[in-house]
Amino acid sequence: MEFKQLGSTGTRVSPLCLGTMTYGTPEWREWVLDEQASRPFIKKALDAGINFFDTADMYSKGESEKVVGKALIDYAAREDFVLASKVYNPMGDGPNNRGLSRKHIMHAIDASLERLGTDHVDLYQIHRFDYDTPVEEFMEALHDVVKAGKARYIGASSMYAWQFAKCQEVARANGWTEFVTMQPMYNLVYREEEREMLPLCADQGVGVIPWSPLARGVLAGKKQGSGGESKRSQTDNMTQKWGLGAAESDDAIVEAVREVAEARGVSMAQVALAWVAAHPQVTAPIVGASKEHHLDDAIAAMDLTLTEDEKAKLEAPYVPHQIAGHE
């Protein structure tokens, strides 16, 4: 694989990032794979040249970090992979077991490192913006995490562009560590990040690592809801909550993906993923894999170059969508 710079840093990552919410324990969500079923996907990713792995403390309530950390350390030298995790979502019932308070960040990073079996993560990300904690508090706490050697860089995930800009300015004004990555939801049926967030990242030299590049399977032609072919499509209510695939324009986009895929003799997933990866600001789409062909399609998509006519066909049906995924 042709490696890319992670934002404006000197660290180089594969053009695909393996997302690991699918790995942990089915006790958390029934579509999650246990450790034995998860490890082959992590090994296959490493063997294919993927060196970038994204997890979060809240995935399987910490079990994902345990599974992913153990597999990576078993299969590769620590310097040979780039490991990202996240903080924000509830990890317990207590009032301080969530959010971005200094108290929780300092506890959460230590807990994540213990589960991951390493003394540092390469990228520590805030999973969402915390309206209840001053920006100055969590940006200084994240800076201290970096200065303590527990994280090499920090990043953020879905939020409004003004919130991201405020975080960056607070860090800059105080000489603290700034975010080097943004992880937004971005795909052919949800392109609202093109309005402000992606231009902001381009201007500031921030790497973009989009989540849900296939719109939770919608762009791969997978039926959602009770008629879905997988446990996740049958039980994952976030697709409906965010309105992915719900608009008439979305149907037209899915059909365009299907037509381009059939004309090229490739899968719909490859076409949809190749479109995201081709955006000049995108560093590495985050892909999930619970079946072998998921990873095969993702890897193959990196060698698929869409023509300008194909891109125009895929993009033409899009209409503005309500902001989603920030909660």
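# A walk from the surface to the sheet

Let's start with isoleucine 323, which you'll find in the segment after helix 12, the helix that spans 308–315. Keep in mind as you look around that this is a predicted model. Isoleucine 323 has a relative accessibility of 39%, and because buried means under 20% and exposed means over 50%, it counts as partly exposed. Isoleucine 323 has company out there: together with Tyr131, Tyr160 and Trp162 it forms a nonpolar patch on the surface. Taken together, the four offer about 470 Å² of accessible area.

Now for the charged side chains. Side chains of opposite charge can pair when their charged atoms come close. In this model the count comes to 19 salt bridges, and a few of them are worth a visit.

Stay with helix 12 for a moment, since lysine 313 sits there. The side chain of lysine 313 meets that of glutamate 259 in a salt bridge, at 2.7 Å from N to O. Glutamate 259 belongs to helix 9 (residues 248–264), so this pair links distant parts of the chain, 54 residues apart. Both partners are partly exposed: glutamate 259 because its relative accessibility is 34%, and lysine 313 because its value is 37%. Elsewhere, salt bridges with shared partners join Arg39, Lys70 and Asp74 into one network.

Next, find glutamate 292 and lysine 44, which form a salt bridge with their closest N and O atoms 3.5 Å apart. Glutamate 292 is in helix 11 (residues 292–301) and lysine 44 is in helix 1 (residues 35–47), so the bridge ties together parts that lie 248 residues apart in sequence. Lysine 44 has 24% relative accessibility, so it counts as partly exposed.

For a pair within a single helix, go to helix 5 (residues 161–174), where arginine 172 and glutamate 169 are three residues apart, about one turn of the helix. These two form a salt bridge as well, and their closest N and O atoms are 3.2 Å apart. Arginine 172 is partly exposed because its relative accessibility is 37%, and glutamate 169 is partly exposed because its value is 43%.

Let's move on to the sheet. Strands of a sheet pair through backbone hydrogen bonds, either parallel or antiparallel. Here, eight strands make an open sheet in the order 9-8-7-6-5-4-3-10, with parallel pairing. Strand 9 (207–208) and strand 10 (286–287) stand at the edges with a single partner strand each, so each of them has one side without a neighbour in the sheet.

Zoom in on strand 6 (residues 121–126) and strand 7 (residues 151–157), which run parallel and are joined by five bridges. If you want landmarks along this pairing, glutamine 125 stands opposite glycine 155 in strand 7, while isoleucine 126 stands opposite alanine 156 in strand 7. So how many of the residues of strand 7 are buried? Five of the seven are, which means that strand 7 is largely enclosed by the rest of the structure.

Finally, look at what covers strand 6. Helix 3 (residues 102–116) lies across strand 5 (82–87) and strand 6. The helix runs at about 140 degrees to strand 6.

Conventions:
Residues numbered from 1 in each chain as written. Predicted model: local features only at pLDDT ≥ 70, side-chain atom pairs only at ≥ 80, totals over all residues. Heavy atoms only, no water. Patch = residues over 30% accessible without salt bridge, like charges linked within 9 Å, V, L, I, M, F, W, Y side chains within 5 Å. Areas by Shrake-Rupley, 256 points an atom, 1.4 Å probe, with all protein chains shown as cover. Helix = DSSP H or I, 4+ residues; strand = E, 2+ residues; numbered from the N terminus. Buried < 20%, exposed > 50% of the residue type's maximum accessible area, 1.4 Å probe, protein only. Pairing = 2+ DSSP bridges. Contact = heavy atoms within 4.5 Å. Axes fitted to C-alpha atoms, helices over the stretch in contact; angles between N-to-C directions.
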